[in-house]
Amino acid sequence: TLAEIWDVSDPDAKLTRHTVVQKLLVAISSSVASRLDVVSVNVTTGDPVLSKGMADAILAQLNRFNLQTLQSRASAERKFAEGRMNEVQGELRVAEDGLQRFLEDNRQQYLSPALEIEKARRGRKVDLLQQTFTTLATSFELARIDEVRDTPLITIIQRPAVPIRPDPRGVIGKAILALLMGLFLGSLLVLAREALHWMRSSGEADATEFNRLVSAASQDVLRLRSVLSNLPRRGSREEHISS
């Protein structure tokens with residue numbers, strides 16, 4: 001797991017998960033090209049193989065999420081269309097029966113204006129219900145197809161691959177930080193020597209105490225430098241594009 005790979009351990013499983021999620025938010029970035037409808041996803045970790053594996057997992061989970069969302073929506077649409085289709089089918093049957101009885105009761109060739117209007121009204125109702133039933137039946141069939149569809153909904157333009165060279169991002173910043181740390185350490189040593197020389201001339205006890213304080217400060221600076229040098233490098237970059 002990522003918790004094991006990144007050496008994240010906490011007695012509380014929720015805190016472990018939270019820490020891993022925070023690391024993922026740093027390792028993963030994305031950008032959207034709205035005009036081309038293309039999404040670029042970048043994964044950067046200290047291990048190029050891990051970056052590629054995470055990029056592949058992101059694509060798989062993204063496609064799975066899209067399929068589940070489509071199937072859930074299609075299932076809801078199918079249930080609605082099926083229920084509404086049964087209702088309209090009952091209304092259509094009642095309207096057709098009413099039109100049939102009207103025509104059987106009025107078989108004369110020429111009807112009065114009132115009967116002609118009634119005939120046209122009943123005919124329009126039957127036509128409207130037939131169109132509604134046809135539309136619902138089409139939606140019902142499409143929803144049934146989408147409900148069982150398992151084809152990917154995204155097109156991979158560039159598959160994830162292990163990068164040949166490490167990502168150079170951060171090298172300049174680390175170099176500047178190292179330079180500043182070197183200047184700071186050098187200045188501190190020069191001041192310490194000057195102060196020590198002055199303290200020795202003023203008193204042996206004060207010089208001894210000051211020497212101890214300088215040594216402790218030097219050890220703190222060296223430990224800080226060691227921690228900064230051991231920080232994980234964002235060394236591998238994995239990029240793929242999907243739409």
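**Close-up views of a predicted model**

**View 1. Lysine 52 and aspartate 56 sit four residues apart in helix α3, so about one helical turn separates them.** Keep in mind throughout that this is a predicted model. Across that turn, the side chains of lysine 52 and aspartate 56 join in a salt bridge, with 2.9 Å between the closest N and O atoms. Are these two residues buried, exposed or something in between? Lysine 52 has a relative accessible area of 27%, so it falls in the partly exposed class. Aspartate 56 comes out at 24%, so it is partly exposed as well. The pair isn't on its own, either: Lys52, Asp56 and Arg159 are linked in a network of salt bridges. If you want the full tally, searching the whole structure turns up eight salt bridges.

**View 2. Helix α3 runs from residue 48 to residue 105, with aspartate 47 as its N-terminal cap.** For the cap, look for a side-chain oxygen of aspartate 47, which lies 3.1 Å from the backbone nitrogen of valine 49. How does the span of the helix compare with what its residue count suggests? At 1.5 Å a residue, the 58 residues of α3 should cover 86 Å, and the end C-alpha atoms are 84 Å apart, so the two values agree.

**View 3. Asparagine 106 lies in the loop between α3 and α4.** Loop or not, asparagine 106 is buried: its relative accessible area is 16%, and the cut-off for that label is under 20%. Where does its side chain go? It reaches the backbone oxygen of phenylalanine 102, at a distance of 2.8 Å. Once neighbours within four places in sequence are set aside, the contacts of asparagine 106 are Leu111 and Leu115.

**View 4. Helix α4 (residues 113–147) has its buried residues packed against α3.** The helix has 35 residues, and its first and last C-alpha atoms are 51 Å apart, close to the expected 51 Å at 1.5 Å a residue. Which residues of α4 are buried? They are Gly123, Val126, Leu129, Leu136, Phe140, Ala143 and Asp146. To see what these buried side chains pack against, bring α3 into the frame.

**View 5. Two salt bridges of helix α4 pair glutamate 118 with arginine 122 and arginine 144 with glutamate 141.** Glutamate 118 and arginine 122 meet at 2.8 Å, N to O. These two are four residues apart in α4, so about one helical turn lies between them. Arginine 122 has a relative accessible area of 27%, which means it counts as partly exposed. For arginine 144 and glutamate 141, the N to O distance is 3.8 Å, which still meets the salt-bridge cut-off of 4 Å. Here the spacing is three residues, again about one helical turn. Arginine 144 is partly exposed at 42% relative accessible area, and glutamate 141 is partly exposed too, at 40%.

**View 6. Ile176, Leu179, Leu180 and Leu183 make up a nonpolar patch on the surface.** Together these four residues offer about 410 Å² of accessible area. Leucine 183 belongs to helix α5, residues 171–202. Is leucine 183 buried or exposed? Its relative accessible area is 51%, so it is exposed; the class starts at over 50%. For context, the accessible surface of the chain comes to about 17,600 Å², with 58% of that belonging to carbon and sulfur atoms.

**View 7. Serine 29, in strand β1 (residues 28–33), touches Ser40, Val41 and Asn42.** That contact list leaves out residues up to four places away in sequence. How far apart are serine 29 and valine 41 in sequence and in space? They are 12 residues apart in sequence and 5.9 Å apart in space, C-alpha to C-alpha. Serine 29 is partly exposed, with a relative accessible area of 35%.

**View 8. Zoomed out for orientation, the chain has six helices and four strands.** Going along the sequence, the pattern reads α-α-β-β-α-α-β-α-α-β. Of the 243 residues in the chain, 24% are buried. Now take the contacts between residues at least 6 apart in sequence: 73% of them join residues at least 24 apart.

Technical notes
Residues numbered from 1 in each chain as written. Predicted model: local features only at pLDDT ≥ 70, side-chain atom pairs only at ≥ 80, totals over all residues. Heavy atoms only, no water. Expected span 1.5 Å × (residues − 1). Polar contact = N/O pair within 3.5 Å; in protein donor to acceptor, adjacent residues only side chain to side chain. Buried < 20%, exposed > 50% of the residue type's maximum accessible area, 1.4 Å probe, protein only. Contact = heavy atoms within 4.5 Å. Areas by Shrake-Rupley, 256 points an atom, 1.4 Å probe, with all protein chains shown as cover. Patch = residues over 30% accessible without salt bridge, like charges linked within 9 Å, V, L, I, M, F, W, Y side chains within 5 Å.
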